[in-house]
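Trainee: Please pick one part of this model and take a close look at it. I would like to know what it packs against and through which residues.

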Amino acid sequence: MMGSTVVEVAIGLTFCYGTLGLIVTTLQEALAAAFRLRANTLLAGIKTMLNDPGFDGLARAVYAHPLVNPHADGSLREERALPAKPSYIEPAHFAIALVDSLWQAPGDFVQLAGAIDAIPDPQVRKVMQGLYGRARDLQQFQDMLAGWFDNAMARMSGAYKRSQLLISLLLALLVAILFNIDSIHLFRTLWQQPTLAAHLGDIPDELNAAALDAMMALPIGWTSFPPRLGLDFALQAAGWLITASTAMFGAPFWFDLMQRVVRMRGTGARPDDLPLALRVEGRIAASATTAPR
């Protein structure tokens, strides 16, 4: 029946795309941990913020501070000497570390102006002078520095998310090619054989063997390799691209959509989808129960 076929096709597609999203997320987290992408991005953002690309000025002094990097011993000389790079820095701690880096012997707040005027970089010096001139005391100055850090990291976070989006697209395309997850072929096969998605109903909380087995039971995978160039290969490549683009929505989106469709399947067929004899029998039974006696 048309209604049940549409539901089964929707369940099969959403389950496949959701599981693909889980695979891509797992691979992405593994790559981020292996290459320390978050820590490196944070370091690059602070080096840009403090205009210290050579890591020999304020950025180095901030990373040598124990509030920012507890593993440092204060003798940091170069980036390669970092024992560990933090993936997150509390804005208040960054502000304290920056002030301590400028003000080796804390005293009267007025004396901090001289340390700020001695900053060699003109852009950073101008920013610090502007914040200092608007602050009434040390605490307010540190709050302003924390806000400056927050704004800079928000911009860096946006750039990081865009790069991660590109990485997720490339990973999804790689997985789609390796497992031959062709959305066009998948849709056609499920439309002709909707029972292939009948075993799907449980939504996985994480990537596990059961989720992979359920996905591999769908019409995906290679039957002959390598593929032959031609119109069929062009359609196959288009199917890969469609599959890869679905990973950009994320696994939660597809599994939430699948959950809604599964609920629709649980409600049963609509009256219009039932055979004519059953509909007539149902109407006769309904009229008999409502007829006046």
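**Helix H7 and its two crossings**

Mentor: Buried residues (under 20% relative accessible area with a 1.4 Å probe, protein chains only; exposed is over 50%, partly exposed in between) make up 38% of the 293 residues in the chain. This is a predicted model, in which local features need pLDDT of at least 70 and side-chain atom pairs count only at pLDDT 80 or more, while totals for chains, interfaces and linings use all residues. Residues are numbered from 1 along each chain as its sequence is written, and side-chain values use heavy atoms, with hydrogens and water left out.

The chain holds 12 helices and zero strands (DSSP runs of H or I with at least four residues, or of E with at least two, numbered from the N terminus). Read from the N terminus, the order of elements is α-α-α-α-α-α-α-α-α-α-α-α. Of the contacts (heavy atoms within 4.5 Å) between residues at least 6 apart in sequence, 71% join residues at least 24 apart.

The part I pick is H7, which covers residues 138–178. Take its crossing with H2 (residues 37–49): the two axes come within 10 Å and cross at roughly 135 degrees (lines fitted to C-alpha atoms over the stretch in contact, angles from 0 to 180 degrees between N-to-C directions). H2 is therefore oblique to H7 (under 35 degrees would be roughly parallel, over 145 roughly antiparallel, 65 to 115 roughly perpendicular, and the rest is oblique). The crossing of H2 past H7 is right-handed (the near helix is turned clockwise from the far one by less than a right angle; anticlockwise would be left-handed). On the H2 side the contact is made by Leu37, Arg38, Thr41, Leu42, Ala44, Gly45, Ile46 and Met49, and on the H7 side by Trp148, Phe149, Ala152, Met153, Met156, Tyr160 and Gln164. Sorted by class, these are 11 nonpolar, three polar and one charged residues (Ala, Val, Leu, Ile, Met, Phe, Trp, Tyr, Cys and Pro are nonpolar; Asp, Glu, Lys and Arg are charged; the others, Gly among them, are polar).

Arg38 of this contact also forms a salt bridge with Glu29, at 3.2 Å from N to O (a side-chain nitrogen of Lys or Arg within 4 Å of a carboxyl oxygen of Asp or Glu). Both partners are partly exposed: Arg38 has a relative accessible area of 38%, and Glu29 one of 41%. The count of salt bridges comes to two; Arg260 and Asp256 also meet in one, likewise at 3.2 Å.

Further along, H7 meets H10 (residues 231–246). Their axes come within 8 Å and cross at roughly 135 degrees, so H7 is oblique to H10. H7 passes H10 in a right-handed crossing. Leu169, Ala172, Leu173, Ala176 and Ile177 of H7 meet Trp240, Leu241, Thr243, Ala244 and Ser245 of H10. By class this contact has eight nonpolar, two polar and no charged residues.

Thr243 is buried, because its relative accessible area is 0%. Leaving aside residues up to four places away in sequence, Thr243 touches Tyr17, Leu20, Ala176, Ile181, Asp182 and Ser183. In H7 itself, Leu174 is partly exposed, with a relative accessible area of 47%. The C-alpha atoms of Leu174 and Ala244 are 8.2 Å apart, although their positions lie 70 residues apart along the chain.
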